[in-house]
Amino acid sequence: MVNKIKVENLSCYYNKKCVLESLNINVVQNEILSVIGPASSGKTTFLRTLNRMNDLDITYSRKGDVYLDDNNIFDMKMESLRKRVGMLFAMPIPLPMSIYENIIYAPKRLGLITRESYQDTIVEQALKDASLWNEVKDRLNSSATRMSGGQQQRLCIARILAVNPEVILFDEPCSGLDPVSTAKVEESMLELKQKYTIVLVTNNVKQASRVSDRTAFFLMGKLVEIDKTARLFVSPKEKATEDYITGRFG
Ligand SMILES: Nc1ncnc2c1ncn2[C@@H]1O[C@H](COP(=O)(O)OP(=O)(O)OP(=O)(O)O)[C@@H](O)[C@H]1O
Ligand SMILES: [Mg+2]
């Protein structure tokens, strides 16, 4: 088991108020780690810290360290961190351009396309890995905004994959989707873990139990429990975890 990410004694604050306290957690290479917990428990703050999305927020501060392989992410150049750690948000927002252009946009901007002829290969591979290729291969030049919600979300996944990251962070990726679209995004996540390491924040405990290898339960800024998903859902060690996963919470 190789630890892809190591989080050591991480505490996060907004306006000096602690919202994540002394967190120690590892993410294993090629696993899907789910993070579950009620609203305001610090899940999004945790994800945003992993690729330094909060760096520009002047009310935010942190203590502790995060390592990607053995590099401290706070010592890395922002651009190289963002290439290695991609993030997907709840609401899919494709750029108002074609499907093809959406995918090629970031690799172009980051200077990853060395040969023009290479573009088609990147687009095809990203769409295949996001389980979208068969649905859109005949209309790559049509507008991305005309796709269904579920397709748009998988397009946003493909856009991340086109940059060829090592880690993908998902923040409630299915919260606006119907069950069929949700199943497709989950299917694509299971495909993705062959190549990538995934952290999935979800407000859907069933989703965590379906797709993840391990699950972490956050409550009011603290990690209550982390375990193999199969074990955590069958025999949680903490009462709070049990109450949450059985829907008895609050
Ligand atoms: N930009 C911000 N400025 C100030 N406070 C913030 C900011 N972002 C989050 N918070 C606060 O930090 C705490 C943790 O929020 P966070 O968004 O990480 O929780 P969450 O577990 O993702 O919740 P949800 O399930 O509602 O998405 C909350 O009390 C929230 O109000
Ligand atoms: Mg959140």
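Start by selecting Pro-107: this residue is buried, with a relative accessible area of 0%. Here buried means under 20% relative accessible area, exposed means over 50%, and partly exposed is in between, with a 1.4 Å probe and protein chains only. Pro-107 belongs to helix α3; helices (H or I, at least four residues) and strands (E, at least two) are DSSP runs, numbered from the N terminus. Now add Ile-122 to the selection: its C-alpha atom is separated by 9.0 Å from that of Pro-107, and the two are 15 residues apart along the chain.

A word on the ground rules before moving on. This is a predicted model, in which local features need pLDDT of at least 70 and side-chain atom pairs count only at pLDDT 80 or more, while totals for chains, interfaces and linings use all residues. Residues are numbered from 1 along each chain as its sequence is written, chains are lettered from A and ligands numbered from 1 in the order in which they are written, and side-chain values use heavy atoms, with hydrogens and water left out.

**The pockets**

Keep Ile-122 selected and add Tyr-118, Leu-161, Ala-162 and Asn-164: of the 14 residues that line the second largest pocket, these five lie nearest its centre. A pocket, on a 1 Å grid over the protein atoms alone, is an open set of points where a 1.4 Å probe fits, with protein on both sides within 12 Å along at least five of seven lines, and lining residues have an atom within 4 Å of a point. The volume here is about 220 Å³, taken as the space filled by probe spheres set on the points, with grid points joined across faces, edges and corners. Colour helix α4 (residues 118-129) next, as this helix gives the most to the lining, with six residues. By class, the lining of this second largest pocket has nine nonpolar, three polar and two charged residues; Ala, Val, Leu, Ile, Met, Phe, Trp, Tyr, Cys and Pro count as nonpolar, Asp, Glu, Lys and Arg as charged, and the others, Gly among them, as polar.

Which residues are closest to the centre of the largest pocket? Select Met-87, Phe-89, Ala-106, Arg-159 and Ile-160, out of the 25 that line the largest pocket. The space inside the largest pocket comes to about 700 Å³. To see what surrounds the largest pocket, show α2 (78-84), β6 (85-88), α3 (99-109) and α6 (149-161), each of which supplies at least two lining residues. The lining of the largest pocket is made up of 17 nonpolar, three polar and five charged residues.

**The rings**

Switch to the aromatic side chains, where the structure holds three aromatic pairs. Rings of Phe, Tyr and Trp (its six-membered ring) pair if their centres lie within 6.5 Å; planes under 30 degrees apart count as stacked, over 60 as edge-to-face and the rest as tilted. Select Tyr-14 and Tyr-60: their ring centres are 5.8 Å apart and their planes at 55 degrees, so this pair is tilted. Tyr-14 is in strand β1 (residues 3-14) and Tyr-60 in strand β4 (residues 60-68), so the pair ties together parts that are 46 residues apart in sequence. Tyr-14 is partly exposed at 23% relative accessible area, whereas Tyr-60 is buried at 11%.

Go on to Phe-217 and Tyr-244, whose ring centres are 5.1 Å apart with planes at 25 degrees, so this pair is stacked. Phe-217 sits in strand β9 (residues 214-219) and Tyr-244 in helix α10 (residues 239-245), linking distant parts of the chain, 27 residues apart. Both Phe-217 and Tyr-244 are buried.

Next, pick Arg-62 and Phe-74: the charged end of Arg-62 sits over the ring of Phe-74, 3.4 Å from its centre. For this, NZ of Lys or CZ of Arg must be within 6 Å of the ring centre and within 35 degrees of the ring normal.

**Two backbone stops**

Finish with the loops. Ser-40, in the loop between β3 (32-36) and α1 (43-50), has a phi near 70 degrees, a positive value in a residue other than glycine. Ser-40 is exposed, at 73% relative accessibility. Arg-52 lies in the loop between α1 and β4 and also is not a glycine, yet has a positive phi of about 55 degrees. Is Arg-52 buried or exposed? At 12% relative accessibility, Arg-52 counts as buried.
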